[in-house]
Amino acid sequence: MAVLVTGGAGYIGSVAARALLAAGERVCVLDDYSTGHRPVAAVLPDAEFVEGDCGDPACLRDLLAHRSVDAVMHFAARTLVSESMERPLDYVKCNLTGTLTLLDEMMRARVPYFIFSSSAATFGVAERVPIDETHPQRPINPYGWSKRAVEELLPYLQRLGGPTYIGLRYFNAAGASSDARLGEVHDPETHLIPNLLRAALDGSSFSLFGTDYPTRDGTCERDFIHVEDLAAAHLDALRALRTSAASGFYNLGNGDTYSIREVIAIAREVTGRPIDVRERPRRPGDPPVLVASSERIRNELDWQPARQHVRTIIEDAWRFMRSHPRGYD
């Protein structure tokens with residue numbers, strides 16, 4: 001049997017695809033390269049790559065008809081909170097409509113297992129921290145809404161014959177593979193750690209959005225999870241589904257809180273370089289605090305993060321950026 005990895009040429013999908021291959025799985029990557037990177041195929045030579053859109057039913061039908069796929073890991077999505085505030089319908093089209101097209105074709109082909117990349121953005125502004133799975137979900141941006149909408153539909157589809165599923169709600173994925181071959185490259189880049197490291201690398205300025213939040217130093221507080229720990233959680237989810245685990249949703253973070261100012265200080269220490277910080281107004285759609293309780297996935301799926309400290313995450317990301325100063329060539 002094979003695992004279909006949508007968005008497998010992108011940041012998180014490529015690291016997960018590599019982890020699957022290392023575990024002895026057959027892997028088929030589907031990516032339209034709108035945000036993914038073609039050079040990733042050279043890092044994953046044992047995976048099959050198919051260029052296509054997971055919102056294209058004809059492409060999906062042909063792909064699933066000619067491969068023995070028993071599970072789909074769905075990473076393909078639009079993921080930028082700020083962009084979702086400006087172009088909300090693009091997020092509905094890609095993240096909701098595209099996912100429903102994928103699920104429809106999975107049901108047609110009787111693919112039994114689905115692992116969904118969800119997000120802490122489904123929670124909105126935290127009413128309590130750490131955030132566990134019982135926390136109310138009130139997303140404050142279209143990105144979070146699009147992920148929440150899929151979550152709401154999955155139980156209904158399962159009752160209609162759809163796949164058994166596990167949804168993983170990422171908090172802040174960061175870092176790079178330990179060998180510096182796979183990492184975070186977006187255009188434009190909006191994520192904290194790569195933007196900090198880019199400023200350290202080339203001397204550009206870093207924009208700090210919001211210094212007046214109701215937090216300990218006025219900047220947002222976040223829970224960072226290493227991308228390889230995140231990939232390991234997907235393998236744990238796959239094993240659980242294949243051994244008759246029930247469907248469900250899990251929060252995925254380390255449970256440690258770092259403010260943006262604290263991350264800036266650690267990045268300066270890791271790189272040994274000054275980072276010019278320019279304070280800017282808040283961005284719309286950014287909640288003050290996002291910190292996970294991951295007790296459920298630790299207890300039920302036996303997931304254990306191996307690279308918890310944000311310093312390790314930044315060190316791996318810095319190693320990747322120095323190896324790929326212009327991104328993937």
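## A tour from the sheet to the rings

Start by selecting β6 and β11: these two strands pair in the parallel sense, over five bridges. Keep in mind that you are looking at a predicted model. Next, show R169 and find its opposite number, N251 in β11.

**The whole sheet**

Strands of a sheet pair through backbone hydrogen bonds, and the pairing can be parallel or antiparallel. Now select the full sheet. It is open and has seven strands, in the order β3-β2-β1-β4-β5-β6-β11. The pairing is parallel. Which strands stand at the edges? They are β3 (48–51) and β11. Each has a single partner strand, so one side of each is left without a neighbour in the sheet. Turn the view to follow the twist, which averages 20° from one strand to the next.

**Helices on the sheet**

Select helix α3, residues 57–65. This helix lies across β1 (2–6), β2 (26–31), β3 and β4 (69–74). Compare its direction with that of β2: α3 runs at about 170° to that strand.

Then select α5. Which strands does α5 touch? It packs on the sheet and touches β1, β4 and β5 (113–119). The direction of α5 makes about 170° with that of β5.

**Aromatic pairs**

Two aromatic rings are described by the distance of their centres and the angle of their planes. The structure holds five aromatic pairs. Two of them are stops here.

Show Y91 and Y143. Their rings form an edge-to-face pair, 6.4 Å centre to centre, with 85° between the planes. Why does this pair tie together parts that are 52 residues apart in sequence? Because Y91 lies in helix α5 (residues 88–109) and Y143 in helix α6 (residues 142–159). Are Y91 and Y143 buried or exposed? Both are buried.

Go back to the strands where you began, and show Y165 and F249. This pair is tilted: 5.4 Å centre to centre, 40° between the planes. Y165 lies in strand β6 (residues 164–170) and F249 in strand β11 (residues 248–252), so the pair ties together parts that are 84 residues apart in sequence. Y165 is buried, as is F249.

**Charges over rings**

Two last selections. First, take R38 with Y33: the charged end of R38 sits over the ring of Y33, 4.1 Å from the ring's centre. Then take R282 with Y213. Here the charged end of R282 sits over the Y213 ring, 4.1 Å from its centre.

Methods:
Residues are numbered from 1 along each chain as its sequence is written. This is a predicted model: local features need pLDDT of at least 70, side-chain atom pairs count only at pLDDT 80 or more; totals for chains, interfaces and linings use all residues. Side-chain values use heavy atoms; hydrogens and water are left out. Rings of Phe, Tyr and Trp (its six-membered ring) pair if their centres lie within 6.5 Å; planes under 30 degrees apart count as stacked, over 60 as edge-to-face and the rest as tilted. Helices (H or I, at least four residues) and strands (E, at least two) are DSSP runs, numbered from the N terminus. Buried means under 20% relative accessible area, exposed over 50%, partly exposed in between (1.4 Å probe, protein chains only). A charge sits over a ring if NZ of Lys or CZ of Arg is within 6 Å of the ring centre and within 35 degrees of the ring normal. Two strands pair if DSSP finds at least two bridges between them. Axes are lines fitted to C-alpha atoms, for helices over the stretch in contact, and angles run from 0 to 180 degrees between N-to-C directions. Contact means heavy atoms within 4.5 Å.
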